[in-house]
Each structure stands twice: as structure tokens, then as C-alpha cells.
Amino acid sequence: MTQTVAVLGTGKIGEALLSGMIRAGWPVSALLVTARRADRAEELRTRYGVEAVTNADAAKRADTLILAVKPQDMNRLLDELAPHVSADRLVISAAAGITTATIESRLAPNTPVVRVMPNTPVLVDEGMSVISGGSHATAEHLAHTEEIFGGVGKTLRVPESQQDAATALSGSGPAYFYFLVEAMTDAGILLGLPRAQAHDLIVQAAIGAAVMLRDSGEHPVKLREAVTSPAGTTINAIRELENHGVRAALIAALEAARDRSRELASGNG
């Protein structure tokens with residue numbers, strides 16, 4: 001934790017990483033942030049005591065640069081960084097769909113680049129960050145990346161060829177659950193429950209089910225079967241889900257998300 005880390009583009013995800021590193025014991029003196037707006041930079045200074053700098057200053061001073069910008073802002077950021085990033089820096093990208101090869105091609109030769117796909121539960125320290133190393137990233141670089149992102153949840157290393165699938169499944173994954181909760185809440189209202197009660201019932205069911213999946217080690221089919229008694233309410237509901245093609249729709253939705261991630265990677269934003 002003696003290295004200096006700069007978070008460039010400190011929006012919600014970037015701020016979550018920043019606060020997670022501070023909670024994990026990173027000294028504030030070893031952290032830098034950048035922000036597009038002066039008022040945002042001042043907000044981060046006040047809230048965390050970190051130094052806010054320009055992107056060029058961050059590139060000159062930090063050992064590790066975390067590029068926490070939107071994919072459409074990456075080209076502009078790399079243009080700013082390229083004259084100042086030497087090959088002894090570690091560059092971590094948290095932008096969806098941007099390959100390590102794309103970033104490597106814009107920076108000094110042999111610059112180590114690691115690609116990370118976090119999801120929004122990093123905001124509550126329950127994120128999943130999927131990590132892939134570029135052609136110049138070493139095991140030490142990957143371990144350092146895990147140290148940073150491990151402060152806001154779990155991490156998983158995958159080959160970069162699997163990043164588009166991981167983006168579809170994990171990066172976008174929380175949205176699918178929110179969509180399902182929204183639909184189930186509407187169903188609860190239709191069945192006669194007040195919205196607040198329907199919401200509380202569904203959210204707690206989701207939390208309990210997730211904890212059981214995580215902690216029991218059981219296959220989801222076995223856990224589902226434990227709730228599904230013969231000729232009962234659950235099996236009737238599941239029959240309707242199957243009749244309406246919910247399983248097939250989910251598979252198609254994830255394929256569509258993966259394909260869009262590939263489009264972003266190819267520059268078709």
C-alpha cells in the first residue's frame with residue numbers, strides 16, 4: 001500500500017472504489033482523484049481528504065491509474081494521458097467493452113493494462129469485479145488489482161475473451177434483478193397488497209435466497225425444489241413461467257447484452 005493510486009473520473013463507481021480503499025487501510029496521502037467539474041473535485045476533497053488533480057498530473061505522479069470513465073469518454077482520456085504515462089505505470093480500466101489491446105495501442109509500448117468489469121453493488125461493498133490482464137500485465141499486477149477491488153466486494157479472474165460474457169451476466173446482472181423485483185411488486189399489487197408491503201416481501205425474499213445460494217453450497221435446482229411441493233402453489237407459478245418462456249427470454253437477453261459489449265469493444269458505440 002505504499003504505491004500512489006489515482007482514480008480518474010471519480011463518479012459513483014470511482015468514488016465507491018476510493019472509499020473502499022480508504023476503509024481497507026490505504027493512506028489518504030497515497031490516493032489521488034480527478035473529476036471533470038471543479039465542484040465535484042472539491043466535494044471529494046472535503047469528503048475524503050484526498051488530493052484532486054488533473055488527469056495529466058495523475059499520470060505523472062501515480063503508480064497505478066484507474067480509468068473509471070464511461071466507454072464513450074475513454075478516447076478523450078487516453079489522448080490526455082498518452083504523453084505522460086510511462087511503461088512502469090499500471091493502468092486499470094473499468095470501462096465496459098474497451099479491450100486491453102485498445103488501451104495498450106494508445107500508450108507507451110509495454111505498458112501493463114488490466115481490464116476490470118465491476119458492477120454497481122460495489123457501492124455497498126457487495127460488488128463482483130471481473131479481472132483480465134493485458135499482454136504486459138504480470139501476476140503481481142493482477143494481485144494488486146484484486147487488492148484494490150477486493151475492498152468493495154469479490155473479484156474473479158477470467159481470460160479477456162470471457163469479459164463480454166461476464167459483462168452480460170455480472171456487469172448488467174443487478175439490473176435484471178431490479179427488473180424482476182419491479183415486475184413482482186406489480187404482481188403483488190394486482191393480488192391486493194399495498195405497494196410498500198409487496199416491495200418489502202420481495203426484497204427480503206431476494207436477500208434470503210441470495211444468502212442461501214451463497215452460503216449453502218447447494219445447486220439452485222435443489223434449493224428451488226425444496227420450495228416446490230407436489231401440486232402446490234410454487235409449481236403452478238413455475239409452470240406459468242415456463243409456459244411464457246421466461247427461461248428462454250433470459251438466455252436471449254444475456255446474449256443481447258454480450259453482443260452489445262462486443263460492439264462497444266469494436267468501436268461501434
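UniProt positions are given in the numbering used here, and annotations may be inferred rather than shown by experiment. With that in mind, the UniProt record, an unreviewed entry, places the feature "domain: Pyrroline-5-carboxylate reductase catalytic N-terminal" at residues 4-97. The model itself is predicted.

**The annotated stretch and the two domains**

Over residues 4-97 the chain is 40% helix and 19% strand. The C-alpha atoms at the two ends of this stretch are 26 Å apart.

The protein is divided into domain 1 (5-158) and domain 2 (166-266). Their centres, taken over C-alpha atoms, are separated by 32 Å. The contact between them takes twelve residues from domain 1 and ten residues from domain 2.

**The second largest pocket**

Rolling a probe the size of a water molecule over the atoms shows where empty space is left. The second largest pocket has a volume of about 900 Å³. It is lined by 37 residues, and the closest to its centre are Gly11, Ile13, Ala68, Val69 and Lys70.

Which domains supply this lining? Domain 1 and domain 2 each give at least three residues. Helices contribute too: helix 1 (12-23), helix 4 (74-81), helix 7 (163-171), helix 8 (173-190) and helix 12 (246-265) each supply at least two residues of the lining. The largest share, four residues, comes from helix 12.

The lining divides by class as follows.

| Class | Residues in the lining of the second largest pocket |
|---|---|
| Nonpolar | 17 residues |
| Polar | twelve residues |
| Charged | eight residues |

**The annotated binding site**

UniProt, again in an unreviewed entry, places the feature "binding site" at Ala68, Val69, Lys70 and Pro71. From this set, the lining of the second largest pocket takes in Ala68, Val69, Lys70 and Pro71. Ala68 sits in the loop between strand 4 (64-67) and helix 4.

**Helix 7 against helix 8**

Helix 7 and helix 8 both help to line the second largest pocket. They also pack against each other, at an angle of about 35° and with their axes 5 Å apart. On the helix 7 side, the contact uses Ala168, Leu169, Ser170 and Gly171. On the helix 8 side, it uses Gly173, Pro174 and Tyr176. Of these contact residues, four are nonpolar, three are polar and none is charged.

**A closer look at Gly171**

Gly171 lies in helix 7 and takes part in the contact with helix 8. What else does Gly171 touch, not counting residues up to four places away in sequence? Its partners are Met117, Pro118, Asn119 and Ala166. Pro220 lies 49 residues from Gly171 along the chain. The C-alpha atoms of Gly171 and Pro220 are separated by 21 Å.

Terms used. Residues numbered from 1 in each chain as written. Predicted model: local features only at pLDDT ≥ 70, side-chain atom pairs only at ≥ 80, totals over all residues. Heavy atoms only, no water. 1 Å grid on protein atoms, 1.4 Å probe; cavity = no way out; pocket = protein on both sides within 12 Å on 5 of 7 lines; lining within 4 Å. Points joined across faces, edges and corners; volume = space filled by probe spheres on them. Nonpolar A, V, L, I, M, F, W, Y, C, P; charged D, E, K, R; others polar. Domains from an automatic or database assignment. Axes fitted to C-alpha atoms, helices over the stretch in contact; angles between N-to-C directions. Contact = heavy atoms within 4.5 Å.
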